Amino acid sequence: MSRDNGRVVGSTRILNNGSNAARFNIVLLAEGFTDGQQDDFNERCDEFVGVLQGDPWFRGLLPGINVHRVNIESDDAGTDDPESCDGDGTEADTFFDSSFCTGFPVAIRRLMHFDSWLAAEVCDDEVAEWDIAIVVVNSSTLGGAGGGRIAIATVAGDWANTALHELGHSAFGLADEYPYWDNCGEEGHDHPFPGLEPWEANITRAQHGFPPSLAETRSQVKWGHLIDADTPVPTARNPDCGDCPPESNPLDAADEIGLFEGAQYHHCDLFRPAFKCRMRVQARPFCFVCIERAHAVLRPHLPDGPHVVADVDELDFGDLCSGATATLRFRIANLGDVFGEVALESSIGEVTAELQPFGMPPGTLIAEGGLVPGQLARVTVTFGPLDLPSTVPQREIAGDLRVRVDGGTDVVLPLRVTVHRPRAAADISPAELDFGDVAAGLTMYRRLRLRNNSGPCPLALDVYAHELTGPFAFVDTISDELEFQVPGNQTRDVYLKFTAPDEPGAEFTGEFRLVTSDPNAAERVVPLRARAVAPVPVDSVLVIDRSGSMSGETGEEGQHKIDHAIFAVDLYTSLLRGTDGIALVRFNAHSSAGDGDVLVPLAAAGPEPDGAGRQAVRSVLAQGTAGPLHPSGSTSIGAGMLLGSAVLEDGTATRRAIVVLTDGRENEGATIEEAKAEILSQVPAQRLYSVGFGLDQLMASVVAAASETGGSALVTGDVAAAKEFLLQKLFVQILSDEADWSMLEDPIRQLEGGESGFSLVRTAETDLFADFIVTFREGPSFPKYLRTWLKMPSGAVILPDTLEDYPGTRYVVRGSHLCYRVPLPPVPEQPSAHLGPWEVWVANDTRPGEGATLHYSVIGRAFSNLRLGGRLVQRGFAAGAPMEITLSPTLYGVPAAVEEPIRVRVILPDGHTQNMQLHDGAGLYRGTFAETHQVGPYHFDCAAVIRTPSGVPVTRSRYLGGMILPPPKGKGPERARDPRLSELLVQSLLEALRRLRLEPPGRR
Ligand SMILES: [Zn+2]
Ligand SMILES: [Zn+2]
């Protein structure tokens, strides 16, 4: 026999409530624990007792219970786990010969069997008065069996809670309260077999009479005496018997008694008493219906006398405001076997007087006549109101609530409450505001943050900022004082600004006084500091391709590429600041100073509109294609890059940009690699921007060179229709990137004769200077019959002939563009006049019906503290290579959150558009565009809406470009070179998308 596979060591009473003869005896038997593992078994038994003592109601029954452990050494550890049930094949020689994999006709792995005759024999020997036993199996695989007088369970997982649930079945005859057998979608468990009312105490059909009807009052429910008068009956029904009942509890507590549909493996018709009881969820406490049943079973074993218990250990009111009241509820029950008279007393030592707010004079009887055995009573405890004197910020009150039990043991519940006076507590940071180095003429902002750390009883914080000194100003007001309130536990930011005068090197200090209603931060002086520095100029060399192909058309009839190049250079020249440097270089098959290819040596742009540098560039442009930009010859991009780099060596600015405009792919003479090495060796660093004009592609080496120098490479494709003004836009973006400006919206418009319209461009307090640019298709009628004006958000109108009202505002008009250059705010006395949408009005003054069509685009850009950085990374240029986009919005140099999802419109090489989603991650917005099956340029038109500190939503936009190159000649499958075939592939892909109803949005 298996008694040979080990030996019984002996038994120990681990929960001792008196003689075994009087008590209910629970025996735990060790199985599969070797002689060296008896301490493990002992620990497991202690866990079980811990769970008994931790169950709020069940612990009240423990005076009637003894728990014993029987130490038994097995020869082997564990238990049998037969392979026939997908077990690991373990065969262990254990005392009770236990095993997984029981059942007939189908063996279930988790169902266990053991030698129950032997177990009963051991119990008889060791604890003669035993009532119930559990064989505790040393295995971490979940398994067990119950139902009889001896249950078996492995020590897997939360085994002790499981064991107490099993005890609910085996010792007290309780039913499972969970409403499914295996899962909620199963068949055959919607309704129980229509039969009698179940005999178990904790489930009911809640039906009376015939035909069956549902119980609608407490008195019709078998545990109705435990349902509170306020609780609806039925409490929760299952609207869909094909599924489990909803996981929502209409009552406050999971163990509050009601009538809940769904119990004992059925979704409907069987009802349970509580939302969650241990008989449904094993780690929860027993509900009182189950406790009442357990009490009835254990009553013969209970000691004489009343035994009153509470379902809480203490009464903690937490934080309460002066003058407020709070209520706590708890329940008491008599789990003894004799009637008990109960009185409730509060006793709080020397501060007894403060007990009055608890609303319970000492000695109040709470249950008339007391509690019969098993009876439940509800207690409501109210505290307050207690008014604290103004000198006392808070007071902690502690004491006891005593449930005095006549003839039994009192229950003592500690009482706790902390009463607070409402308060405001100012937390101000930083201690000083340092604006750092600010370029002359520019405005910098700094933030002071006031947090009102009120705590549980909030009071608004009054703040008064005044006595502002130095060349500093509050952003919110033109006066030098500011008054506001910060609500409790909230934050308010105060922005100050500093405008650097045109005297670099000067240092400025100032301060202001901050008075708050917080007595602990009554007055604070905030020092202010700033230094004016020279603005950061940018030296640019524009390197223009004049190879023969530049005379070609743009895609828009009658427009030539070289003209567009001239327009773009002209606009770039307009937007320069006086201290910026500009040079112009040309290239075709060659580019060298000796051949006269330096058209304009590096010079300061000079004052607007006719500074020396600007004039020099424009005099070259004015000659058009008849002058030195006359298209001829082939293309050597490398030579142009080299000459541009050499010209920049004469510069003085720390920021240096080489802007190469090319329409060719061929390369002659000096190689691009050589030019890249030369550019990378320069100090200060030079950045290469390369624009492939009218091209679908640029050489990969040019793209690499741009990327490695920190610049960018873009291709325009045809500059027609929606992209007519793209080249100008790209040039504006390049200059803006170099000089730390931001691009605003840039809508595209068309106006017939006699029509006018406006485009919206938004600016905010973060913007220091704005350019409102109108680029247009030049012709005999325009700019002659083109009229523009700006309407400010405040409603005021800026016209070219009212500029004197707006000091510092300038107006530039050229052959293909015009520009309003506006310092913000335009009128210093109206600091908020520019916050919001500007209307950039354009009128076509040619005759209605017979005039010329005006094609134009509005570009806004701002020198701003709100920026949208961005880049596009491509790991390859073959069709299908993903294009990764990262956008980084920043506000005052700190990552900023966008208001709504960033809008990215992707223009595919064939002109179709798609929208793209970006994902937020640590201040960066990323996305990958993978539908790059077409060869050619891809444009990503990105716009982000960001709310500025003053609450103005503004848009920042950015163009990013990617390109897919055709397969290299002589490589890859022959057929892939046939452009018609690639087109066919694209067409069939689009056809497939259409069939899947996934047609790309925005198709025209
Ligand atoms: Zn169960
Ligand atoms: Zn229950």
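Author: Donors are N, O and S atoms within 2.8 Å of the metal (3.2 Å for Na, K and Ca), and because water is not among the atoms, sites may look incomplete. This is a predicted model, in which local features need pLDDT of at least 70 and side-chain atom pairs count only at pLDDT 80 or more, while totals for chains, interfaces and linings use all residues. Residues are numbered from 1 along each chain as its sequence is written, and side-chain values use heavy atoms, with hydrogens and water left out.

Reader: What makes E177, C277, C287 and C290 donors of the zinc ion (ligand 2)?

Author: The OE of E177 and the SG atoms of C277, C287 and C290 lie 2.1 to 2.3 Å from the zinc ion (ligand 2), and the limit is 2.8 Å, so they count as donors.

Reader: Why is the site of the zinc ion (ligand 2) called tetrahedral?

Author: Four donors count as tetrahedral if all angles lie between 85 and 135 degrees; here the angles among the four donor atoms are 96 to 127 degrees, and the site is therefore tetrahedral.

Reader: How do you know whether E177 is buried or exposed?

Author: Buried means under 20% relative accessible area, exposed over 50%, and partly exposed in between (1.4 Å probe, protein chains only); E177 has 0%, so it is buried.

Reader: Why are C184 and C244 said to form a disulfide?

Author: A disulfide is a pair of cysteine sulfur atoms within 2.5 Å, and the S to S distance of C184 and C244 is 1.9 Å, so the pair qualifies. The torsion about their S-S bond is about -100 degrees, which means that this disulfide is left-handed.

Technical notes. Chains lettered and ligands numbered in written order. Tetrahedral: all angles 85-135°; square planar, octahedral: opposite > 155°, others 65-115°.
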